[in-house]
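Work through the exercises below with the structure open. Each task is followed by a solution in steps.

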Amino acid sequence: MKALKFLAILTLPITVYISFTNVGWLTLLPLLVFFGLVPLLELLFKPDKNNFNKEQEEQEKENKLYTYILYATVPVQLVFLGWFLWMMKDAQLTTLEYIGKISAMGLLCGVIGINVGHELGHRNNRFDELLGEILLLTSLDTHFLPYHNAGHHLNVATPKDAATARKNEIVYLFWIRSHFQSYYQAWEAENIRLKNSGRSWFHLQNRMLIYTLCNILLLAGIFFLFGLKTLLAFIAAAVFGILLLETVNYIEHYGLLRKQNEKGRYERVKRTHSWNSDHRIGMLMLFNLSRHSDHHYNGSKHYQLLKSLPESPQIPTGYPGMMLVALVPPLWFSIMNKKIQDL
């Protein structure tokens with residue numbers, strides 16, 4: 001029964017369904033719910049700092065329902081993407097309705113396509129990884145996996161890491177730096193991996209080569225089947241999802257740096273090198289992603305087992321609310337720079 005609470009994710013496709021089947025302001029419902037209602041509700045509920053005890057952890061570790069819920073999001077994402085493409089082909093919409101429907105699809109790309117793709121991409125079996133790749137492809141963010149696993153987890157909270165926001169770096173510049181630098185580092189990581197195994201970068205085992213071809217084929221297929229207008233709408237939705245990811249990246253490690261020893265080596269990653277949030281709704285909607293400190297301490301740990309620990313630095317509200325704060329740099333700096341000083 002504990003796993004069923006993560007079915008709260010269904011709130012997202014329900015609101016997107018309402019957006020897709022309506023006109024006018026109702027097309028904005030997903031935005032209004034997830035960046036209006038959710039941040040307000042998270043101010044009303046106390047953070048949930050409860051963890052499983054050892055016996056419960058062993059039981060829930062073997063509970064496949066947590067994984068089946070992740071699997072169930074894959075057809076949801078694919079069905080809604082197909083519906084979106086078909087709907088946009090001959091759509092006659094107002095500017096407001098285009099914004100509403102594209103942002104609705106963009107939320108699916110960010111929350112399911114990238115976030116669930118991230119969780120499945122950490123699994124150590126090929127089937128789960130493949131599902132993660134499919135989800136990330138629907139968001140045009142396939143480079144995420146090679147970069148995230150080989151770069152971000154290795155270099156997090158250091159200047160080498162594309163996804164670690166520097167203190168006083170504004171989120172709008174971070175979006176550009178993080179996305180394009182991580183794309184370059186994904187190619188770099190794959191090239192090094194293949195070189196170490198005696199292969200050329202131009203090899204079928206180069207994931208970035210295959211991912212790039214898949215992205216091109218997807219975009220070309222959308223263009224030939226649905227036309228330029230639909231292709232542009234899809235790209236806009238994917239970019240919206242990517243910006244959600246990059247804003248979350250900005251929040252997760254802002255201003256946190258690992259110490260170096262006299263030889264220039266960084267200390268090992270600790271639970272103090274990521275900002276944590278135990279706010280209930282964000283945890284449920286994002287499959288405990290906001291318990292990010294424990295995720296970096298043990299990247300292979302499944303989402304249901306992630307812990308809240310007192311040494312992890314805490315952000316004042318959940319991810320949806322903090323994303324809004326990040327969009328106003330002076331407000332963000334006034335809150336977060338003080339928290340960094342107090343660590």
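**Exercise 1. A loop residue with unusual backbone geometry**

Task: Is Phe287 buried or exposed? Place it in the chain and give its phi.

Solution. Begin with accessibility. This is a predicted model. Phe287 has a relative accessible area of 3%. The cut-off for buried is under 20%, so Phe287 is buried. Next, the location. Phe287 sits in the loop between α11 and α12. Last, the backbone. The phi of Phe287 is positive, about 55°, although the residue is not a glycine.

Now repeat the steps for Asn288. Asn288 is buried, at 5% relative accessible area. Its place is in the loop between α11 and α12. Asn288 is not a glycine, yet its phi is positive, about 65°.

**Exercise 2. Nonpolar cores**

Task: Which residues have the most contacts inside the largest nonpolar core? Then list what Phe84 touches.

Solution. The largest nonpolar core has 66 residues. Phe84, Tyr250, Tyr254 and Trp332 have the most contacts inside it. Take Phe84 next. Leave out residues up to four places away in sequence. Phe84 then touches Phe20, Lys101, Ile102, Met105, Ala233, Phe234 and Ala237. Apart from the largest core lies another, of 14 residues. Ile114, Leu136, Phe144 and Leu209 are among them.

**Exercise 3. A helix crossing**

Task: At what angle do the axes of α8 and α10 cross? Classify the packing and describe the contact.

Solution. Identify the helices. Helix α8 spans residues 171-196, and helix α10 spans residues 228-253. Their axes come within 9 Å and cross at roughly 105°. Angles from 65 to 115 degrees count as roughly perpendicular, so α8 is roughly perpendicular to α10.

Now the residues. From α8 come Val171, Phe174, Trp175, Ser178 and His179. They meet Ile242, Leu243, Glu246, Thr247, Asn249 and Tyr250 in α10. Sort this contact by class. There are six nonpolar, four polar and one charged residues. Tyr250 of α10 also appears among the residues with the most contacts inside the largest core.

**Exercise 4. A long-range salt bridge**

Task: Which parts of the chain does the Glu57 and Lys307 pair tie together?

Solution. Check the pairing. The side chains of Glu57 and Lys307 meet in a salt bridge, at 3.6 Å from N to O. Locate each partner. Glu57 lies in helix α3, residues 54-61. Lys307 lies in the loop between α12 (292-297) and α13 (319-326). The pair therefore ties together parts that are 250 residues apart in sequence. Finally, check burial. Glu57 is buried, at 18% relative accessible area. Lys307 is partly exposed, at 27%.

**Exercise 5. Further salt bridges**

Task: How many salt bridges does a search of the whole structure find? Examine Asp278 with Arg291 and Arg177 with Glu169.

Solution. The search finds 15. Start with Asp278. It forms a salt bridge with Arg291, the closest N and O atoms being 3.0 Å apart. Asp278 is in the loop between α10 and α11 (280-285), while Arg291 is in the loop between α11 and α12. The two are 13 residues apart. Both Asp278 and Arg291 are buried.

Turn to Arg177 and Glu169. Their side chains meet in a salt bridge at 2.8 Å, N to O. Glu169 is buried, with a relative accessible area of 13%.

Close with a network of salt bridges. It links Arg271, Asp294, Lys301 and Glu311.

Conventions
Residues numbered from 1 in each chain as written. Predicted model: local features only at pLDDT ≥ 70, side-chain atom pairs only at ≥ 80, totals over all residues. Heavy atoms only, no water. Core = buried A, V, L, I, M, F, W, Y, C linked by side-chain atoms within 4.5 Å. Buried < 20%, exposed > 50% of the residue type's maximum accessible area, 1.4 Å probe, protein only. Contact = heavy atoms within 4.5 Å. Axes fitted to C-alpha atoms, helices over the stretch in contact; angles between N-to-C directions. Helix = DSSP H or I, 4+ residues; strand = E, 2+ residues; numbered from the N terminus. Parallel < 35°, antiparallel > 145°, perpendicular 65-115°, else oblique. Nonpolar A, V, L, I, M, F, W, Y, C, P; charged D, E, K, R; others polar. Salt bridge = Lys/Arg side-chain N within 4 Å of Asp/Glu carboxyl O.
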